[in-house]
Amino acid sequence: MTRSLDGLVFVPVADQAPGQVGRQTRFAYHERDGLVWADYQGGDVVKGHLIGTREDDTVAFRYVQLRVDGTTASGRCTSLVTVLADGRLRLEESWSWESQEGSGTSAVEEPLD
């Protein structure tokens with residue numbers, strides 16, 4: 001199992017569609033005893049929260065967010081924790097909305113700075 005996500009910040013590696021997370025979004029992760037949670041905001045997201053569990057290098061969680069247009073959205077995601085060549089962590093994500101149509105893949109990683 002790779003190191004803990006506790007106290008780490010992650011950023012998306014690419015912008016998603018409008019109303020979703022993008023390069024301006026920042027995720028502040030916490031982890032304790034298999035429980036994982038994060039707060040996020042930036043870009044089209046005013047405020048978001050996620051909560052779930054981690055087993056080995058797989059994190060499964062649900063998320064909910066408030067967008068700048070005043071709408072809310074929720075969904076579920078499974079992420080694989082991987083280690084980049086430079087030692088930073090990356091989460092390879094498969095997600096699906098529960099509040100609307102749509103699903104996809106994305107990635108977030110620790111920023112270089």
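These questions and answers walk through a predicted model.

Trainee: What pLDDT does the protein average?
Mentor: The model is predicted, and pLDDT gives the predictor's confidence in each residue. Of the residues, 97% score at least 70. Among the elements, S2 has the highest mean, 98, and S8 the lowest, 94. The protein itself averages 94.

Trainee: How many strands form the closed barrel?
Mentor: The order runs S1-S2-S3-S4-S5-S6-S7-S8, and the pairing is antiparallel. Neighbouring strands of this sheet are turned against each other by 30 degrees on average, direction ignored. The closed barrel has 8 strands.

Trainee: Which element gives the most residues to the largest nonpolar core?
Mentor: In soluble globular proteins, nonpolar side chains tend to be buried together. Here the largest nonpolar core holds 22 residues, and Leu5, Phe10, Phe27, Tyr29, Leu50 and Tyr63 touch the most other members. S2, S3, S4, S5, S6 and S7 each give two or more residues. The top contributor, with 4 residues, is S7.

Trainee: Which side chains of S7 point to one face and are buried?
Mentor: In a regular strand the side chains alternate between the two faces of the sheet. S7 follows an alternating pattern. Arg90, Glu92, Ser94 and Ser96 point to one face and are not buried. The buried ones, on the other face, are Leu89, Leu91, Glu93, Trp95 and Trp97.

Trainee: How many bridges join S6 to S7?
Mentor: The two strands run antiparallel. Thr82 stands opposite Arg90 in S7. Their hairpin has 5 residues between the strands, and Gly87 takes a positive phi near 95 degrees. The number of bridges joining S6 to S7 is 9.

Trainee: What is the bridge partner of Trp95 in S8?
Mentor: S7 (residues 89–97) and S8 (residues 103–109) run antiparallel and are joined by 7 bridges. They form a hairpin with 5 residues between them, where Gly102 in the turn has a positive phi of about 130 degrees. Ser94 has Thr105 as its bridge partner. For Trp95, the partner is Gly104.

Trainee: Is Thr25 buried or exposed?
Mentor: Thr25 sits in the loop between S1 and S2. A polar atom of its side chain lies 3.1 Å from the backbone oxygen of Gly42. Beyond four places in sequence, its contacts are Phe10, Val11, Pro12, Tyr40, Gln41 and Gly42. Buried means under 20% relative accessible area, and Thr25 has 0%, so Thr25 is buried.

Trainee: Which residues of the core-forming group around Phe10 does Phe10 contact?
Mentor: Phe10 is among the core residues that touch the most other members, along with Leu5, Phe27 and Tyr29. Leaving aside neighbours within four places in sequence, its contacts include Thr25, Leu89 and Val108. They also include Leu5, Phe27 and Tyr29.

Trainee: Which residue's side chain does a polar contact of 2.6 Å join to that of His49?
Mentor: His49 is in strand S4 (residues 45–55). Its relative accessibility is 36%, so His49 counts as partly exposed. Leaving aside neighbours within four places in sequence, its contacts are Ala38, Asp39, Tyr40, Arg62, Tyr63 and Val64. The polar contact of 2.6 Å joins its side chain to that of Asp39.

Trainee: What distance separates the C-alpha atoms of His49 and Trp37?
Mentor: His49 belongs to S4. Trp37 is 12 residues away from His49 along the chain. Their C-alpha atoms are separated by 7.4 Å.

Definitions and conventions. Residues are numbered from 1 along each chain as its sequence is written. This is a predicted model: local features need pLDDT of at least 70, side-chain atom pairs count only at pLDDT 80 or more; totals for chains, interfaces and linings use all residues. Side-chain values use heavy atoms; hydrogens and water are left out. Buried means under 20% relative accessible area, exposed over 50%, partly exposed in between (1.4 Å probe, protein chains only). Contact means heavy atoms within 4.5 Å. A polar contact is a pair of N or O atoms within 3.5 Å; within protein, one must be able to donate a hydrogen and the other to accept it, and residues adjacent in sequence count only if both atoms are side-chain atoms. Two strands pair if DSSP finds at least two bridges between them. Axes are lines fitted to C-alpha atoms, for helices over the stretch in contact, and angles run from 0 to 180 degrees between N-to-C directions. A nonpolar core is a set of buried Ala, Val, Leu, Ile, Met, Phe, Trp, Tyr and Cys residues joined through side-chain atoms within 4.5 Å. pLDDT is the predictor's confidence in each residue, from 0 to 100.
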